[in-house]
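User: Please take a close look at the aromatic ring pairs in this structure, and describe how the rings are placed and where they sit.

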Amino acid sequence: MVLSIRAKQTEALVRMLRLNASQASVPGAQPAEAEVYKVLVLDRQTKDIIAPLLRVSDLRRHGVTLHLMLEADRQPIPDVPAVYFVSASQEHIQRILQDAAMGLYDSFHLNFVTLIPSALMEQLAQGAVGASCVQRIAKVHDQYLAFVALEAGLFSLGLPDSYLQLNSPTAKEPEIEAALGVIVDGLFSAIAALGVVPIIRCPQGALAQVVASKLDARLREHLRLRNNLFSESASGLAASLSRPLLCLFDRNYEMSVILQHAWTYRPMVHDILGMSLNRITLSDDSSAASSSGNPASPVKRAAKRSVEVGEGDFFWEANERSTFPKVAADVDVQLTKYKQAVEEMNRQTGARVDPNATTEDMMSNQTGAGNARGLMSAVSQLPALIERKRTIEKHSAILHSLLAEIKGRNLDKYYNNEEDMLGGKFPFASLLELVQGSKGTPTDKLRAALVYLCTCATPPGDSEYFDLERALSESAPGADLAALHYVRRLRRMKLTGRTGGAEALAASAAGGTAGGSALSNLAAGVGGGSHLLSWADKTFGQGLGALTKGVKDLLAGEQQTAVTVAVEGLMDAKPPPELDSFATFDPRAAPGKPVRATGPFREAIVFMIGGGNYLEAESLATWASRTQPAKNVIYGATDVLTGEQFAQQLAELGRLSGSA
């Protein structure tokens, strides 16, 4: 069995858009006939859930003529049904009742993100009776979709400040309980979507154990229902062998991985360009020069444009885990292949398509075929070629933006130095030299200092720490040093860094555990540097080629993330002694009896409480793909954060805890 959380959530959303009826429930109907034209009403949470999975064209294919926001003023469309997909709250229930009382739509198919509490269900029923609109409420469904499936093996709960919420010294117990409840709801939804009941493992005495205990209780309660969401058998050897492992960690288990800079494509695009929900906003400066052609004359500010990556993007799927030099080289390779394909089409059909034309020109009358026969022959090939060219142009623009940031901020230097920190080969004097350098944003320098504090064998003494603080104050004005104070306090309390079991696991990884680090593994076989250097030098002038070549040659470390090493041990039949202290929960086991997790496991769900990132997900995916036979690992987190976003939470905690 191969678990794909994206496929499962998409399937559930399509079923919801079909008014929760399967194709088989419409006898003899073809796909187009089975659809009913409808309006889709969303809130902010559910809009984010749908965004990475279904485009506007997909919604139309499933009969959605309009998709509207619940909070917006909407005009009546009385002849069509409406599908509401919203989170359950008093405000939302009240707005739904208001819409029904006004008769905005013919019928209301209500779908809540997760289980609607009984109190809100009573509010809905009483309100519908009081407004005499019960007949308009067609059905009410609990969808259990409280997560965002970004990729087949990656999901988020969309809770950006969870680390701050769960670690704030000012948080009250009800607030903590509410935050944990939201996390458990999201995890339960992800497990329900996959349709499997996992065995749960987590470090003892950590926040992850609290979440594991609550999730175990929630699953046990649900499994007692006669009609529950899980289709696998409650007993039998086959069922036990197919169950996955759910590994829960909290962010303090290893903090450096979410702060460090990356050198592979997907983590870089997220961390540097702020990718969100698989979309990237770029500055379109291709028309920055004025119409007079004088580059020195005043120009308008560069326009912004949004591009999408992910499933169906051949270049992204091929290069998302590749090092930056290899990705930039592959743009040149793909462009050459595209031009060869166009020239071959021209030769075979007699068409006159210019391989150097833009996609806009290719779709206009500026290019065409030499004769009617050639046009007919070429017309079937052009759409695929145009889409391929559009994809190459998109990634060229993304790499253009990345290169500008690398050059302007010396990101290669930060990456190289942080790799040395992770390997325990970075002296404190070199850290001072790094943060006192002229390039890099204040946050870049702060993140490097935080990585050092998280990974150094011995935290700096008072004198060294004062020197570091002064260096940051002078060379990185605007850096929020409250984050530095907070991490120093955690190190003193031994609550973060590679301490305890994580430290032992990291040491075993450095000794050559199977798979190696994601970055070092991906560095193997990087070639085609001449393509990258030629393209980069044309874009930015001489010098950048040497910069990127230098980084490429330095990818030789053997570090693994602590989470990857732990998951490897937990999925193995014979885990190392360092993992014996991990707690085990089996929702299918008899209450009160000791539970043991017997491996090996073929599938695992790894979830990070307090925020994760693409670099950690990449490390797990790379290791899993290199095992024999290959394992299937799904990575999830309360939210997918950039290093800057996490540093901001650390700074706020520093102020709240009095560390600043």
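Analyst: Rings of Phe, Tyr and Trp, the last represented by its six-membered ring, are taken to pair if their centres lie within 6.5 Å. In this predicted model, the count by that rule comes to 16 aromatic pairs. One of them joins F147 and F155, whose ring centres are 5.9 Å apart and whose planes stand at 75° to each other; planes over 60 degrees apart count as edge-to-face, and the F147–F155 pair is therefore classed as edge-to-face. F147 has a relative accessible area of 1% and is buried, and F155, likewise at 1% relative accessibility, counts as buried.

The rings of W263 and Y415 are arranged in another way, with centres 6.0 Å apart and planes at 25°, so this pair is stacked. W263 lies in the loop between α11 (256–259) and α12 (265–273), whereas Y415 belongs to helix α18 (residues 411–422), so that the pair links distant parts of the chain, 152 residues apart. Both partners, W263 and Y415, are buried.

Beyond these two examples, ring pairs also link Y84, Y105 and F108 into a cluster.

A further tyrosine can be placed in a helix contact: Y465 of α21 is among the residues that make the contact between α20 and α21, together with L468, L472 and S475 of α21 and with K445, L446, A449 and L453 of α20. By class, that contact has six nonpolar, one polar and one charged residues.

Conventions
Residues are numbered from 1 along each chain as its sequence is written. This is a predicted model: local features need pLDDT of at least 70, side-chain atom pairs count only at pLDDT 80 or more; totals for chains, interfaces and linings use all residues. Side-chain values use heavy atoms; hydrogens and water are left out. Contact means heavy atoms within 4.5 Å. Helices (H or I, at least four residues) and strands (E, at least two) are DSSP runs, numbered from the N terminus. Ala, Val, Leu, Ile, Met, Phe, Trp, Tyr, Cys and Pro count as nonpolar, Asp, Glu, Lys and Arg as charged, and the others, Gly among them, as polar. Rings of Phe, Tyr and Trp (its six-membered ring) pair if their centres lie within 6.5 Å; planes under 30 degrees apart count as stacked, over 60 as edge-to-face and the rest as tilted. Buried means under 20% relative accessible area, exposed over 50%, partly exposed in between (1.4 Å probe, protein chains only).
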